[in-house]
Amino acid sequence: MDKMFVIMDNLALQNETVPHHRSARLRQIDHAKVNALGALLENSLYKVQMTKRVVPGAFVEIHTHDTDIFHILQGTATFVTGGTAVDPQPAAPGEIHAKSMIGGTEHHLTKGDIIIIPHGIPHQFTKIEEGPLVYFVVKVVQ
Ligand SMILES: [Zn+2]
């Protein structure tokens with residue numbers, strides 16, 4: 001997980017394993033918990049987070065299994081996707097980090113935008129124009 005994310009401190013992160021033949025059980029996440037930001041729910045099918053970012057990403061991320069879906073709720077940022085990662089290194093299971101990438105497409109994200117980053121695509125927030133950037137994240141595990 002990106003170390004710049006403000007997550008995980010004192011929130012009860014609920015982990016559950018969902019058998020492939022069953023869907024995850026119904027969950028409601030209370031607004032107070034959502035407003036507190038952080039990792040909200042995680043199971044073998046998806047991860048749900050509220051993220052607040054005040055600085056650009058310190059490195060390029062590549063998720064080998066997770067597809068990121070971001071819904072921007074506040075702020076504006078420049079986000080680059082799809083370049084060639086320079087010297088990619090394993091950072092955690094399913095996670096590859098690189099210091100930079102060559103090429104790629106710049107996206108200017110603002111409140112209301114949704115962006116979907118398929119697994120395997122390098123991506124990085126390169127600039128926060130109006131911070132903090134607050135966004136809802138669903139990571140779909142593939
Ligand atoms: Zn990501």
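The largest nonpolar core in this predicted model has 13 residues, and V60, A77, F79, A85 and M101 are the ones touching the most other members. If you want one element to start from, go with strand 5 (66-81), since it hands over the largest share of that core, four residues. Strand 5 also pairs with strand 12, strand 11 and strand 10.

**The core**

- Three elements give two or more residues each to the core: strand 4 (60-63), strand 5 (66-81) and strand 12 (123-141).
- As a bit of background, nonpolar side chains in soluble globular proteins tend to be buried together.

**F79 and its contacts**

- Leaving aside residues up to four places away in sequence, F79 touches H107, L109, I115, H123 and F125.
- F79 is also one of the core residues that touch the most other members, alongside V60, A77, A85 and M101.

**Who pairs with strand 5**

- Strand 12 runs antiparallel to strand 5, and 14 bridges link the two. Looking for a spot to check on screen? I72 has Y135 of strand 12 as its bridge partner.
- Strand 10 (residues 105-110) is another antiparallel partner of strand 5, this time over six bridges. Here V80 sits opposite E106.
- Strand 11 (residues 114-117) is antiparallel to strand 5 too, with four bridges between them. In this pairing I69 faces I116.

Methods. Residues are numbered from 1 along each chain as its sequence is written. This is a predicted model: local features need pLDDT of at least 70, side-chain atom pairs count only at pLDDT 80 or more; totals for chains, interfaces and linings use all residues. A nonpolar core is a set of buried Ala, Val, Leu, Ile, Met, Phe, Trp, Tyr and Cys residues joined through C-beta atoms within 7 Å. A residue is buried if 20 or more other C-beta atoms lie within 10 Å of its own, exposed if 12 or fewer, and partly exposed in between; C-beta atoms are placed from the backbone. Two residues are in contact if their C-beta atoms, placed from the backbone, lie within 7 Å. Two strands pair if DSSP finds at least two bridges between them.
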